[in-house]
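Biologist: I should like to learn how to read features of this structure. May we begin with a helix and then turn to charged side chains?

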Amino acid sequence: MPAPFRSETQETLTQELWKVATSSPSVDQDLAVKIGTRVAMRRSLCGLSKLQLGARLGIDTAEVSAYEQGEKRISCKLLLETAKQLNATPRFFFQ
């Protein structure tokens, strides 16, 4: 079976996420806080509660809180799904 087609944009995004995921611990914490802040902001703009977002993502409210406060690093897969659920591009969370 042939491998699924990956666009250049998807490949670039994957490379950017990989660079972020393999950075130093202090940068990791700062980035986790930045991404979490952006998730919280976008969630609020979409009029969703933590409970509603958690239900859409298949996680509980405590996990949503941990991600939004930067206490827990969000995986690339979960970040992509969060972007989809919040009608945003993954890049939005890094701006």
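Biologist: Which residues are buried in helix α5 (residues 76-85)?

Modeller: Please bear in mind that the model is predicted. In helix α5, the buried residues are L78, L79, T82 and A83.

Biologist: Why are L78, L79, T82 and A83 on the same side of α5?

Modeller: The general idea comes first. An α-helix has 3.6 residues a turn, so residues three or four places apart point the same way. In this structure, the buried residues L78, L79, T82 and A83 cover an arc of only 140 degrees around the axis, and therefore they lie on the same side of α5.

Biologist: Which residues are exposed on the other side of α5?

Modeller: K77 and K84 are exposed there.

Biologist: What phi does N87 take, just after α5?

Modeller: The phi of N87 is positive, at about 55 degrees.

Biologist: Let us turn to charged side chains. How many salt bridges does the count come to?

Modeller: A salt bridge is counted when a side-chain nitrogen of Lys or Arg is within 4 Å of a carboxyl oxygen of Asp or Glu. By this rule, the count here is three. One of them joins the side chains of R43 and E68, at 2.6 Å from N to O. This pair links distant parts of the chain, since R43 belongs to helix α2 (residues 25-45) and E68 to helix α4 (residues 61-68), 25 residues apart.

Biologist: Are R43 and E68 buried or exposed?

Modeller: Both R43 and E68 are buried.

Biologist: With which residue does E68 form a salt bridge whose closest N and O atoms are 4.0 Å apart?

Modeller: The partner of E68 in that salt bridge is K50. Here too, distant parts of the chain are linked: E68 lies in helix α4 and K50 in helix α3 (residues 50-57), 18 residues apart.

Biologist: Why does E68 count as buried, and why does K50 count as partly exposed?

Modeller: Buried means under 20% relative accessible area, exposed means over 50%, and partly exposed lies in between. E68 has a relative accessible area of 8%, so E68 is buried. K50 is partly exposed because its relative accessibility is 25%.

Biologist: Which residue forms a salt bridge with E63?

Modeller: E63 pairs with K72, and their closest N and O atoms are 3.0 Å apart. E63 is partly exposed, with a relative accessible area of 24%, and K72 is also partly exposed, at 35%.

Biologist: Which residues are joined into one network by salt bridges that share partners?

Modeller: That network consists of R43, K50 and E68.

Terms used:
Residues are numbered from 1 along each chain as its sequence is written. This is a predicted model: local features need pLDDT of at least 70, side-chain atom pairs count only at pLDDT 80 or more; totals for chains, interfaces and linings use all residues. Side-chain values use heavy atoms; hydrogens and water are left out. Buried means under 20% relative accessible area, exposed over 50%, partly exposed in between (1.4 Å probe, protein chains only). Helices (H or I, at least four residues) and strands (E, at least two) are DSSP runs, numbered from the N terminus. The arc is that of the directions from the helix axis to the C-beta atoms.
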